[in-house]
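Colleague: Please take me through the side-chain contacts and backbone outliers of this model. I would like the reasoning along with each value.

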Amino acid sequence: MMYITAPRPDIMYVVSLISRYASRPTELHLSAAKRVLRYLKGTSDFGLFYKKDGNKELIGFTDSDYAGDVDDRKSTSGYAFILSSAAVAWASRKQPIVTLSTTEAEYVAAASCSTQAIWMKRVLQKLGYAGRENTVIYCDNSSTMKLSKNPVFHGRCKHIQVRFHFLRDLANDGVVHLKYCGTKDQVADLFTKPLKLESFQRLREELGVCASVELN
């Protein structure tokens, strides 16, 4: 299923989730995998659609749930990068540490997203892409944005591993620019938790995933 996520980012979260139990799956996990296959069969004509006149600026979205894994209470990070009206990179993975608040979980997710933004910007520059100097990353947690800019909050974050504070340097140097967006418009929400059908379909469309018949 990991290979199928290349053209289908809408199944990234569930594939990431059931992959954690690949070594010792139960009937529940196999049932979930079959449900994914049924969904793919019913949407076999879906794929990513890049518009020629779409937005030429690379923008990112980062999000996280909080202590979503009931076994070890680790959170799940998710991010997506949009270029030409469709996703060009995305991920959904469990965080390496146990976070103590939603702000900390979002902060760790934003740090991971920022490192990906640097790598993508370098690749695009080698391909002749001339975008803005900084990469805009949308986050739906205002406390995370404040934490990335203001070291005064040291007492709230001194226990966070040093490598995640790399985000502060990137924000201060103007390499990335965190912007607030409402939870309703947070595309990366699709990679962190199960959603209601209406929200799932709307965010799937925002990722640029659509049926080929819709293009005719």
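**Contacts and outliers**

Modeller: Asp69 is buried, with a relative accessible area of 6%. Bear in mind that this is a predicted model.

Colleague: Which residue forms a salt bridge with Asp69, and how far apart are the closest N and O atoms?
Modeller: Asp69 sits in the loop between E2 and E3, and its partner is in strand E4, 25 residues apart. That partner is partly exposed, with a relative accessible area of 31%. The residue is Lys94, and the closest N and O atoms are 3.2 Å apart.

Colleague: Which residues are linked with Asp69 and Lys94 in a network of salt bridges?
Modeller: Side chains of opposite charge can pair when their charged atoms come close. Besides Asp69 and Lys94, the network of salt bridges includes Arg20 and Asp72.

Colleague: How many salt bridges does a search of the whole structure find?
Modeller: A pair counts when a side-chain nitrogen of Lys or Arg is within 4 Å of a carboxyl oxygen of Asp or Glu. Asp69 with Lys94, at 3.2 Å, is one of them. Over the whole structure the search gives six.

Colleague: What is the distance between the closest N and O atoms of Lys193 and Asp63?
Modeller: Lys193 lies in the loop between strand E6 (176-180) and helix H7 (197-206), while Asp63 belongs to strand E2, so the pair links distant parts of the chain, 130 residues apart. Lys193 is partly exposed at 26% relative accessible area, whereas Asp63 is buried at 1%. Their closest N and O atoms are separated by 3.4 Å.

Colleague: Which other residue forms a salt bridge with Lys193, with the closest N and O atoms 2.5 Å apart?
Modeller: The partner is buried, with a relative accessible area of 9%. At 2.5 Å, the pair falls within the 4 Å cut-off for a salt bridge. The residue is Asp189.

Colleague: Why is Cys139 not in a disulfide with Cys181, and what is the count of disulfides?
Modeller: A disulfide needs two cysteine sulfur atoms within 2.5 Å. The closest cysteine sulfur to that of Cys139 is in Cys181, 7.3 Å away, which is too far for a bond. Cys181 is likewise in no disulfide. The count is zero.

Colleague: Are Cys139 and Cys181 buried or exposed?
Modeller: Buried means under 20% relative accessible area. Cys139 has 0%, and Cys181 has 8%. Cys139 therefore counts as buried, and Cys181 also counts as buried.

Colleague: What is the phi of Ala67, and where does Ala67 lie?
Modeller: Most residues other than glycine have a negative phi. Ala67 has a positive one, although it is not a glycine. Ala67 is buried at 14% relative accessible area and lies in the loop between strand E2 (59-64) and strand E3 (76-83). Its phi is about 55°.

Colleague: What is the phi of Ser84?
Modeller: Ser84 lies in the loop between E3 and strand E4 (86-94). Its relative accessible area is 15%, so Ser84 is buried. Phi of Ser84 is positive, near 60°.

Colleague: Which residues form a nonpolar patch on the surface, and what is their accessible area together?
Modeller: One of them, Leu37, lies in helix H2 (residues 27-42). Leu37 is partly exposed, at 45% relative accessible area, above the 30% cut-off for patch residues. The patch is formed by Met1, Ile4 and Leu37, with about 220 Å² together.

Notes. Residues are numbered from 1 along each chain as its sequence is written. This is a predicted model: local features need pLDDT of at least 70, side-chain atom pairs count only at pLDDT 80 or more; totals for chains, interfaces and linings use all residues. Side-chain values use heavy atoms; hydrogens and water are left out. Buried means under 20% relative accessible area, exposed over 50%, partly exposed in between (1.4 Å probe, protein chains only). Helices (H or I, at least four residues) and strands (E, at least two) are DSSP runs, numbered from the N terminus. Patches are made of residues with over 30% relative accessible area and no salt bridge: like charges are joined within 9 Å, nonpolar side chains (Val, Leu, Ile, Met, Phe, Trp, Tyr) within 5 Å. Accessible areas come from the Shrake-Rupley method with a 1.4 Å probe; for residues, only the protein chains shown count as cover.
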